[in-house]
Amino acid sequence: MEKKTKQAIDYLVSHLHKTQKDDGSWCFCFESGPLTDAYMIILLRSLQIEDEALISKLVQRLLTRQNNTGTWKLYHDEREGNLSATIEAYFALLYSGFVDEHADHMQKAKNFIINKGGLTNAQDLTKVMLTFTGQLPWPEDLFIPIEYILLPQSAPFNLTEIVGYARVHFIPILIALNKQYQLKNNRTPDLSKLIFRQENEQQTELTRNLLTTINKEINKLIYLPKQIQNIAFKQAEQFMLERIEPDGTLYSYFSATFMMIFALLALGYSRNNPIVTNAINGLKGLLCKTKHGYHIENSTSTVWDTALISHSLQKAGVSLADPVLQKASNYLLSRQHTKYGDWRIHNRHALPGGWGFSDINTINPDVDDTTAALRAIKGMANINESYKNSWSRGVQWVLSMQNNDGGWAAFEKNTDNFVITLLPFSQTEKVFIDPSTPDLTGRTLEFLGNNLNLTTHHPQINIGAHWLVKNQERNGSWYGRWGICYIYGTWAAITGLLAVGIHKDHHSISNAIKWLLSIQNKDGGWGESCLSDVYKKFVPLHVSTPSQTAWALDTLISVYDQPNFAINNGIERLIDSIYQDNWMTEYPTGAALPGGFYIHYHSYRYIWPLLTLSKYRNKYL
């Protein structure tokens with residue numbers, strides 16, 4: 001086992017050495033389903049931009065990812081296919097002009113859409129895109145006045161209750177909704193035959209009351225009706241413009257930028273306006289190459305990948321003097337934020353010091369990326385004076401982001417007013433608010449415990465650990481919001497609790513370990529389906545993935561003083577997976593929107609196995 005482990009570690013280290021960019025970063029693809037590729041085609045055709053080379057590349061990937069049944073899936077074991085993904089891809093292929101509408105594969109897609117109830121059964125994001133492009137009407141019963149954005153923070157349901165990554169999508173939608181804007185041209189496909197009923201879902205009484213309250217609060221604003229509306233549109237416009245990143249994208253997200261372009265057009269911007277053209281160029285810059293063809297990322301994951309890889313290389317024994325780590329540290333140092341962002345709304349007294357997810361992110365830091373970057377530069381901070389201030393600012397920012405309930409969220413502090421989830425959209429509890437989660441809380445505690453030696457004797461750590469214990473599932477697991485899903489959350493929670501001094505015999509940890517051992521696959525590994533994220537309960541994948549196997553093993557190694565059969569069996573499976581290339585190694589284990597958006601991190605098959613194998617070697621061999 002010792003020889004195989006060493007060989008695997010050397011293989012992973014060597015590969016990561018070879019793939020580093022000249023600027024010190026690692027740029028692995030952040031791959032998702034067909035949404036971004038389809039929307040890019042739709043955007044270019046809607047704006048009548050003749051970039052046939054790009055459209056052809058995106059068409060090829062869409063065709064490659066289509067199943068024999070004519071559908072598109074978001075993950076391998078998704079039953080039948082995904083309606084929204086199939087609608088998006090079908091519409092984009094029609095719009096591209098590169099496929100025959102009557103081809104067998106297109107007819108199969110069309111029949112699937114019909115059998116699943118048509119366009120109005122799609123998820124909200126898909127329906128917004130269809131409405132922007134004139135395929136669906138703007139819904140009258142879901143109307144929210146643009147004046148909503150003027151409500152002060154003292155109002156019970158104001159814009160600041162919505163988390164930043166949702167706000168940058170919500171405001172462009174509000175603009176287009178209030179302008180009743182749609183964009184069609186003579187090449188726009190007509191999907192009207194795929195509409196079988198207009199949505200007439202009954203709003204709950206609580207939702208109706210929320211919308212009524214919003215309108216009452218708007219009526220309190222002291223302006224003339226036309227004046228207030230003009231002010232609201234102007235403020236909405238400024239909101240978007242102030243959050244455009246250096247590459248032209250809104251908040252560095254493809255999806256938000258796509259919506260912003262339509263919103264700007266609704267406000268009267270020309271298609272040739274520099275802000276619009278810069279945004280389009282920024283979206284084109286998100287192109288990456290996969291084994292299935294060229295793909296548009298929703299954002300780059302460069303900071304995240306670079307921080308995690310640098311940390312994993314250090315754990316594998318690579319010296320801080322190695323140029324690979326020197327360059328990675330310099331890159332990370334250059335990406336620390338110095339600007340205030342929307343996180344300041346609920347955290348007024350903290351100074352900037354976090355890190356964001358993507359290469360061009362300057363105003364939207366998050367807790368997970370910040371602790372990842374801090375892990376990576378800790379060694380440099382100990383020996384290099386220029387890193388010490390950066391380290392201190394990052395640590396203080398993380399500590400300042402703890403929620404009042406004791407946990408940590410991803411992007412903003414205390415953005416957890418569940419009443420706002422009554423707004424008439426689906427998945428609002430996952431999209432509109434940013435509450436404490438076990439994965440973020442656990443990983444933050446792990447960082448603070450292992451890197452600052454903080455334990456439950458520290459008040460902030462104590463309340464954080466208490467929050468984790470209180471939010472454990474009855475079966476012993478924890479739910480992970482940003483990974484798939486219960487394996488991810490359980491790994492984060494246990495390693496976090498152990499790092500801050502909770503004993504391995506604590507009932508929460510014992511129960512979690514029993515659960516983790518009970519779901520081990522016969523091949524020694526672990527695998528969990530994205531369906532867990534949909535059903536909010538553990539759904540086995542019945543095969544093993546590299547990242548989920550690594551997370552489970554990392555957890556067990558943290559608890560056991562000596563390797564047992566489960567650990568050794570798992571290590572054998574993990575090592576085997578490193579050299580394989582199949583759907584299991586590509587299975588998405590990153591989460592964003594339940595049932596709607598999952599991520600295959602190309603970096604994960606290297607990062608997590610390297611960390612786990614290094615931990616196994618360092619502790620046992």
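Visitor: At what angle do α4 and α5 pack?
Guide: This is a predicted model, so take the geometry as computed. Helix α4 covers residues 83-96 and helix α5 covers residues 104-115. Their axes lie 10 Å apart, and the packing angle is about 140 degrees.

Visitor: Why isn't that called roughly antiparallel, and what is the word for α4 relative to α5?
Guide: Roughly antiparallel would take an angle over 145 degrees. The pair packs at about 140 degrees. That value therefore makes α4, relative to α5, oblique.

Visitor: What is the handedness of the crossing of α4 and α5, and which residues of α5 are met there?
Guide: The crossing is left-handed. From α4, the residues in contact are L83, T86, I87, Y90, L93 and L94. On the α5 side they meet M106, A109, K110, F112 and I113.

Visitor: How do the residues of that contact of α4 with α5 divide by class?
Guide: The contact has one charged residue and one polar residue. The nonpolar count is nine.

Visitor: Let's move on to α12 and α14. How far apart are their axes?
Guide: Helix α12 takes in residues 302-315, and helix α14 takes in residues 367-383. They pack at an angle of about 35 degrees, in a left-handed crossing. The distance between the axes is 8 Å.

Visitor: Which residues does α12 meet in α14, and how many in the contact are charged?
Guide: V303, W304, A307, L308, S310, H311 and Q314 of α12 meet D368, D369, A372, A373, R375 and A376 of α14. By class, the contact has seven nonpolar and three polar residues. The number of charged ones is three.

Visitor: Now the empty space. How many cavities of 30 Å³ or more turn up, and what is the volume of the largest?
Guide: Searching the whole structure gives two cavities of 30 Å³ or more. The largest has a volume of about 70 Å³.

Visitor: Which residues are closest to the centre of the largest cavity, and which element gives the most to its lining?
Guide: The lining has 13 residues, and those closest to the centre are S547, T585, Y587, T589 and Y604. Elements giving two or more residues are α22 (546-559), α24 (583-586), β5 (597-601) and α25 (604-620). The most, three residues, comes from β5.

Visitor: How many residues of that lining of the largest cavity are nonpolar?
Guide: One residue of the lining is charged and five are polar. The nonpolar ones number seven.

Visitor: What about the second largest cavity: which helix gives the most to its lining?
Guide: The second largest cavity holds about 40 Å³ of space. Its lining is P34, L35, L74, N82, S84, A85, E88, Q123, T126 and G596. By class, that makes four nonpolar, five polar and one charged. Three of the residues come from the helix that gives the most, α4.

Visitor: How much space lies in the second largest pocket, and which residues are closest to its centre?
Guide: About 820 Å³ of space lies in the second largest pocket. Elements giving two or more residues to the lining include α1 (2-19), α3 (52-65) and β2 (287-290). Of the 36 lining residues, the closest to the centre are E31, R65, H292, E586 and H600.

Visitor: How many charged residues are in the lining of that second largest pocket?
Guide: The lining has 13 nonpolar and 13 polar residues. The charged count is ten.

Visitor: Any backbone oddities? Which peptide bond is cis?
Guide: Most peptide bonds are trans. Here, C485 sits in the loop between α18 (459-470) and α19 (486-499). With omega near -20 degrees, the cis bond runs from I484 to C485.

Visitor: And what is phi of Q48?
Guide: Most residues other than glycine have a negative phi. Q48 lies in the loop between α2 (35-46) and α3. Its phi is positive, near 55 degrees.

Methods. Residues are numbered from 1 along each chain as its sequence is written. This is a predicted model: local features need pLDDT of at least 70, side-chain atom pairs count only at pLDDT 80 or more; totals for chains, interfaces and linings use all residues. Side-chain values use heavy atoms; hydrogens and water are left out. On a 1 Å grid over the protein atoms alone, a cavity is a set of points where a 1.4 Å probe fits but cannot get out, and a pocket is an open set with protein on both sides within 12 Å along at least five of seven lines; lining residues have an atom within 4 Å of a point. Grid points are joined across faces, edges and corners, and a volume is the space filled by probe spheres set on the points. Helices (H or I, at least four residues) and strands (E, at least two) are DSSP runs, numbered from the N terminus. Ala, Val, Leu, Ile, Met, Phe, Trp, Tyr, Cys and Pro count as nonpolar, Asp, Glu, Lys and Arg as charged, and the others, Gly among them, as polar. Axes are lines fitted to C-alpha atoms, for helices over the stretch in contact, and angles run from 0 to 180 degrees between N-to-C directions. Angles under 35 degrees count as roughly parallel, over 145 as roughly antiparallel, 65 to 115 as roughly perpendicular and the rest as oblique. A crossing is left-handed if the near helix is turned anticlockwise from the far one by less than a right angle, and right-handed if clockwise. Contact means heavy atoms within 4.5 Å.
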